[in-house]
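User: Please take me through the ligand site and the domain arrangement of this model.

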Amino acid sequence: MTPILNSQLRHSPVKLYDFHPPIEDFKTSILAGLQQPQKAISPQFLYDKRGSELFDAICTLPEYYLTRTEVQLLQDHANEIATYLGNGALVEFGSGSSQKVRILLGAAPQVQTYVGLDISRQHLYEACTALAQDYPGLEAIALCTDYTQPLPIAQIPELQNRHTIGFFPGSSIGNLEPLEAVAFLQNAAVLGDLIIGVDLKKSAAILEPAYDDAQGISAAFALNLLTRINRELGANFDLSQFAYRAHYNAIAGRIEMEIVSLAEQKVSIGDVEICFDSGETLRTEYSYKYTPDEFQMLAMAAGFQPVQVWIDAQQLFSIHYLKRL
Ligand SMILES: C[S@@+](CC[C@H](N)C(=O)[O-])C[C@H]1O[C@@H](n2cnc3c(N)ncnc32)[C@H](O)[C@@H]1O
C-alpha cells in the first residue's frame with residue numbers, strides 16, 4: 001500500500017504517513033465478526049474520533065487506576081528509563097493522545113524523532129501536532145496503521161538506519177489474545193528494544209469498576225461502536241436496545257467486555273441482516289492481565305530478553321524494558 005502524505009497541510013509541523021485501511025476492510029471485518037456464533041469485533045474499531053475522545057475521558061476516571069499508576073511509574077523512573085532510549089527515534093504504538101511519552105521526552109531530550117503510531121487517524125494527527133508544537137526541536141511523525149499487521153517500516157525514510165526503540169503504554173497488549181500478543185511483539189522487535197506497560201492481575205473488585213465505571217463512560221465508549229457502524233456502514237442499530245457490561249474471568253485472567261442485546265431483534269447493515277437473541281452478546285474487547293513472570297515468558301517467546309521491570313508499591317501495574325535478542 002502506498003502511504004498518503006498530508007500534502008494539504010503544507011505548513012504542518014507533522015508528517016503523516018497514512019496506511020489507514022479502506023472502508024471496505026471495516027465492512028468485511030464487522031460483517032464477519034457479527035456472523036460468528038460468538039459475535040465479536042476487533043477492538044481497533046472502537047477508535048474513531050469520538051471513540052478516542054471517550055477513551056481519553058476514561059483515562060481521567062477515578063476507577064481507571066491504569067493511567068495514573070503508569071504515569072506515576074514513568075515519572076518515578078524517567079531518568080533510568082531515559083538511559084535506555086538512545087538518541088535516534090522513539091516509536092509509540094497505539095499512541096492515542098501522546099501524553100505519557102512527554103514524560104520520557106522530558107527526561108531524554110537527546111531523542112531526535114518521535115513516531116506516533118495509531119489507527120485513529122484524526123486523533124493521531126492532532127496529538128502529534130500538539131506534541132510538535134510543545135517540543136520544537138523534535139521531528140514528529142504520525143504513522144496511521146494497524147499495529148497487528150506487518151509494520152510498513154521500509155516506507156518510512158526517517159526510520160532507516162536509525163537507532164529505534166518502541167514504547168507501548170496503556171496495557172494495550174492486553175487487548176490481544178496471548179498468541180496474538182506474541183505475534184505483535186515479534187512484529188515490534190523488528191524495530192528494536194521495547195518499553196511496554198502491562199496491567200497486573202488483581203481482584204475483580206478493582207478490575208471490574210475500572211472497565212465499567214459509575215458515570216457510564218466505558219459503556220458510552222463501547223456503544224459508540226454501534227453508532228460508528230450506523231454512520232459508516234449504513235446500519236440501523238437502535239442503541240436503546242443494547243447495554244454494556246464488563247466481567248473479570250479469573251480463570252482466563254482477562255476482563256471480558258461485551259455489548260448485550262436487550263431483546264430479540266434484527267439489525268440491517270446495508271443489505272445484510274443480523275439477528276440477535278435476547279441476552280446475546282457481542283464481544284468488544286478482552287483485556288488480559290499478566291503477572292510479571294507470565295508477561296516475561298511471552299516476551300521471551302517473541303525474541304526479547306527482559307531486562308528491567310518497574311512496579312508500583314500497590315502492585316497494580318508494571319512497565320517492562322525488553323531487549324531485542
Ligand atoms: C487503550 S488506548 C491507549 C492510548 C495511550 N497509549 C494510553 O496509554 O493512554 C489504545 C490506543 O491504541 C490504538 N489502537 C488500537 N488498536 C490498534 C491497532 N490495531 N493498530 C494501531 N492502533 C491501535 C487506539 O486508537 C488507541 O489510541
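Analyst: A polar contact is a pair of N or O atoms within 3.5 Å; within protein, one must be able to donate a hydrogen and the other to accept it, and residues adjacent in sequence count only if both atoms are side-chain atoms. The model is predicted, so local features need pLDDT of at least 70 and side-chain atom pairs pLDDT 80 or more, while totals for chains, interfaces and linings use all residues. Numbering runs from 1 along each chain as its sequence is written, and side-chain values use heavy atoms, without hydrogens and water.

User: Which residue places a polar side-chain atom 2.8 Å from a nitrogen atom of the ligand?

Analyst: Two glycines face ligand oxygen atoms through polar backbone atoms: glycine 96 at 3.5 Å and glycine 170 at 3.4 Å. The side-chain atom at 2.8 Å from a ligand nitrogen belongs to aspartate 146.

User: What percentage of the ligand's accessible area does the protein cover?

Analyst: Accessible areas come from the Shrake-Rupley method with a 1.4 Å probe. On its own the ligand has 590 Å², and the protein covers 93%.

User: How many residues surround the ligand?

Analyst: A residue counts as near when one of its heavy atoms lies within 4 Å. The closest are Gly94, Lys100, Asp118, Asp146 and Tyr147, and the total is 16.

User: How much area do domain 1 and domain 2 bury between them?

Analyst: An automatic or database assignment gives domain 1 (14-25 + 50-202 + 290-324) and domain 2 (208-288). Buried area is the accessible area (1.4 Å probe) that two parts lose on being put together, summed over both. Carbon and sulfur atoms hold 61% of the buried area, which is about 1700 Å².
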